Amino acid sequence: MSPAAPTPNLGYGGISRLWTMPGGVHPPEQKDQSNSTPIQSLPLPRRLYIPMDQHAGAPALPVVSAGERVLKGQLIGRDATGRGGNVHASTSGTVQAITEHTLCHPSGLTGTSVILEPDGEECWFAHAGIPDYLAAAPEALLERVREAGIVGLGGAGFPTAAKLAQGNALHTLILNGAECEPYISCDDRLMRERAAEVVEGGRILMRILGVERCLIGVEDNKPEAIEALWTALRASGEERMHLATLPTRYPSGGQKQLIYILTGQEVPSGKRSSTIGVLMHNVMTAAAVYRAVARGEPLVSRIVTVTGAGIGLPGNYEVLLGTPMADLLNASNAHGFHKLIVGGPMMGFTLRDAKTPVTKIANCLLAPTMAELPPPPNAKPCIRCGLCVDACPAKLLPQQLFWFARAGEDHKAVKHHLFDCIECGACAYVCPSDIPLVSYYRVAKDRIRAEREAKRQAEHARRRFEAREARLAREAAEKAERLKRATEARRAELAANPEAQAAIAAALARSQAAEPAAVEPVAAPPEAAADPAAARKAEIAAAIARAKARKTQGAVPAETSDSHKDEPAP
Amino acid sequence: MSLAYAPSPHKSKAENLGAFMRQVVWAAVPGAVALFWAFGWGVVFQVWMCCFTAIATEALVLALRRRPIRPALTDCTALVTGVLLGLALPPYAPWWCAVFGSGFAILFGKQVYGGMGFNPFNPAMLGYVLLLVSFPVQMTIWATPLDLVQRPMGLWDGLSLVWLGETTNHETLVSLHSGIDAWTSASPLDHVKTQLGQGYSLSEALDTPIARGFSGFSWEWVNLAFGLGGLYLCVRKIADWRIPAGMLAALFVLASGFSLTDSDRYTGPIFQLFNGATMLGAFFIATDPVTAATTPRGRWLFGIGIGVLVYVIRTFGGYPDGMAFAVLLMNLAAPTLDYLTIPTAYGHGEEP
């Protein structure tokens with residue numbers, strides 16, 4: 001389908017070679033449904049629903065109030081954590097309300113959103129770019145990226161500034177233009193029409209990161225995009241950027257996969273790519289960085305592929321963030337679709353309703369008909385054919401993971417590297433038994449995460465308890481020690497003081513002298529001792545008297561007895 | 001608006017399990033035709049009886065287990081078991097051998113474990129081994145290749161022999177061994193083994209009509225045909241190529257080695273590779289994915305193990321062919337092989 005590429009396969013400065021991604025599949029590309037027309041703009045929607053949660057990390061906090069007039073590009077949601085993203089007004093207009101609205105998220109949950117009624121004037125707030133951006137301080141450039149609310153536009157939505165500020169020693173920046181998912185063509189159109197923005201964005205990112213090498217990876221099913229990038233690279237005179245044409249194979253655009261294809265290095269399990277000195281950004285993110293830095297424009301719109309057999313006018317649209325999907329469907333003449341997928345057919349998620357707004361992560365709205373993407377047939381037993389092993393780009397054993405996940409043998413699943421699964425869906429795609437493998441892995445991962453969290457909390461509680469016990473024991477020991485020391489100190493003081501010793505000796509002598517008198521009333525009288533019978537009588541009489549006294553005491557009111565108690569001891 | 005919810009991926013390849021299994025049956029057709037051409041109608045009877053019994057048993061057990069019958073039958077796995085067992089049986093074995101063997105294969109080889117996908121042993125080979133150890137006479141009398149007899153056995157004689165135990169002339173399987181109509185005889189592997197056991201040299205043992213050709217009269221063509229169908233399965237990725245490659249390589253290496261040390265006592269690699277059940281076993285039986293190892297390296301070891309065992313049983317064991325035993329023994333080893341050969345996942349570098 002692709003004409004003979006007029007560009008060399010590797011190159012501009014040259015990458016020595018490409019590595020072959022293990023596994024992978026090649027589903028029908030379906031990109032020609034949408035990639036043949038230029039990027040179009042939509043009519044201004046009647047209302048925008050701009051969620052504060054459009055990215056990975058904590059949602060932004062609204063900084064406008066209902067009734068307030070805002071200008072296009074004005075900050076309406078501030079990232080308070082430094083690891084999220086700012087949100088800006090997508091057009092000028094009036095804030096109608098700040099309320100809960102459906103998020104563009106697999107959960108279909110709602111989140112705080114600014115409802116904006118456009119005034120139709122598209123009136124920008126005052127902004128200015130950094131004209132000489134390639135000479136500016138990297139910190140200033142990074143700050144621009146942070147302010148502009150740029151997040152990964154490939155679909156993951158990781159805040160770009162946070163990614164750039166990781167602080168590991170880096171040597172290579174990779175711009176991801178692979179766009180390996182079927183149907184999606186927004187990166188393709190962007191590279192064809194705005195290649196210079198991608199290249200300049202890449203140069204800015206290189207300056208921020210201080211790296212001397214940038215690789216751009218594009219699948220070979222996009223010859224026009226490759227040609228355009230090639231031309232832009234030559235025009236820029238940038239010699240540190242190299243363009244690489246990859247064989248078309250899903251999921252070559254996965255971060256770990258593309259890093260391997262271009263560098264031959266694997267990101268260690270559970271680590272970030274920066275640990276091997278590589279950082280990757282989507283080409284559209286790079287273009288957004290260029291606009292933010294060179295023109296001062298925050299991220300207020302993105303390119304969305306609207307495609308599928310249920311779309312009358314498929315194509316790519318420049319969409320203001322917060323535009324309801326329904327507006328996109330209307331503008332593209334949609335009819336007869338049976339589900340709506342954000343993203344591609346391999347990793348995208350379905351929407352519950354079309355009121356969901358377009359956000360920074362929405363790269364594609366796929367509206368397939370029933371015949372196009374039918375619901376999967378019932379799952380049949382696994383016959384361990386191993387086609388999934390051949391398809392897995394992470395070199396896992398999907399069929400074994402399936403057995404473990406289904407049987408709840410989580411420790412075995414972990415031993416078979418369940419958490420290295422990137423959920424690309426290649427295994428489920430090839431499965432002849434139609435088993436929804438990825439769903440099994442998601443459930444198992446969630447179960448293991450929940451278990452780990454419970455264990456972590458239990459461990460935390462145990463540590464706290466043990467620490468408290470140890471503290472109490474330590475305090476008791478310290479108190480005893482202090483007491484002992486004080487006693488010893490007093491003894492030593494006494495030993496050194498003859499006057500005090502004399503006083504004690506005198507006091508002792510006095511008390512010994514007083515002792516017989518004090519004991520006398522308790523001791524039996526001498527005459528009673530002489531006559532046992534009389535003594536017995538006297539004892540009985542005394543006992544009766546005591547009993548009488550107790551009776552009268554029990555009868556007296558409590559106050560009296562209390563006041564009795566309060567009397568000072570003689 | 002109500003929209004369908006579905007987890008990703010939303011697209012799947014069209015190929016399904018039934019199509020998969022039907023491909024296996026189609027790929028066995030060249031070998032089956034070669035067997036029919038070589039040994040006559042008996043092949044057809046055996047395959048038909050095994051398929052009928054296998055499918056009937058499967059349906060019966062599913063009904064008893066109150067499981068849906070139609071999906072299990074349309075996936076064609078019982079059909080495959082029937083076809084493979086039918087092709088493995090001697091063409092004129094009595095009818096109850098086929099019925100007993102394939103019924104046992106489905107019932108005790110598959111359904112008692114929970115049905116398709118859960119059986120540890122290859123059902124067809126389990127049925128075959130049961131028959132071999134229970135009825136050694138019936139199971140080791142092969143048909144003489146049709147081209148070697150003066151008056152080839154006809155359809156009616158064949159039917160009568162299989163169903164009534166005697167031909168229209170009242171000849172039985174055993175009496176046919178030696179007579180005017182020598183319609184049955186030992187297989188080349190069996191013949192050579194017996195002769196070597198009686199102290200003949202290999203060249204003397206091979207000097208018989210049924211051992212003519214490069215690997216036994218007619219058997220070479222049967223094996224070539226099965227090999228051809230097997231290659232198709234490998235190309236279509238329905239069978240994993242590593243298992244037959246490992247098995248045939250191991251058989252080749254061992255046969256070459258022993259035959260080089262003493263060419264008068266050990267048959268050569270070509271004789272081993274194109275005789276008996278070698279190709280049927282390598283491409284159709286050992287590659288049953290349910291009971292084979294599943295990791296790439298595990299499949300190599302699985303295939304090699306079968307090749308080694310086949311050679312050892314054929315050469316030093318008590319049976320003329322060892323395919324069924326070798327496959328069952330390696331089925332037993334498959335979970336361990338899988339455990340020992342977990343591939344290094346992405347991001348786990350060189351660490352073990």
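Which residue lies over the face of A:Phe419, and at what distance from the ring centre? I looked this up first and found A:Arg452 there, at 4.8 Å from the ring centre; a charge counts as sitting over a ring if NZ of Lys or CZ of Arg is within 6 Å of the ring centre and within 35 degrees of the ring normal.

A note on the basis of these entries. This is a predicted model, in which local features need pLDDT of at least 70 and side-chain atom pairs count only at pLDDT 80 or more, while totals for chains, interfaces and linings use all residues. Residues are numbered from 1 along each chain as its sequence is written, chains are lettered from A and ligands numbered from 1 in the order in which they are written, and side-chain values use heavy atoms, with hydrogens and water left out.

Entry on strand 11 of chain A. I checked residues 214-219 for burial (under 20% relative accessible area is buried, over 50% exposed, in between partly exposed, with a 1.4 Å probe and protein chains only). Six of the six residues are buried, so strand 11 of chain A is largely enclosed by the rest of the structure. A:Cys214, A:Ile216 and A:Val218 cover one side, and A:Leu215, A:Gly217 and A:Glu219 the other. Helices (H or I, at least four residues) and strands (E, at least two) are DSSP runs, numbered from the N terminus.

I then looked for its partners, taking two strands as paired if DSSP finds at least two bridges between them. Strand 10 (residues 172-177) of chain A pairs with strand 11 of chain A in the parallel sense over five bridges, and A:Leu173 has A:Cys214 as its bridge partner. Strand 12 (residues 241-246) of chain A is also parallel to strand 11 of chain A, over six bridges, with A:Gly217 bridged to A:Ala244.

Entry on aromatic rings. I used the rule that rings of Phe, Tyr and Trp (its six-membered ring) pair if their centres lie within 6.5 Å, with planes under 30 degrees apart stacked, over 60 edge-to-face and the rest tilted. The count comes to 20 aromatic pairs over all chains. One of them is the stacked pair of B:Phe104 and B:Phe108, 5.2 Å centre to centre with 25° between the planes; both residues lie in helix 5 (residues 95-109) of chain B, four residues apart, about one turn of the helix. B:Phe104 is partly exposed at 22%, and B:Phe108 is partly exposed at 42% relative accessibility. I also noted that ring pairs link A:Phe402, A:Trp403, A:Tyr440 and B:Phe118 into a cluster.
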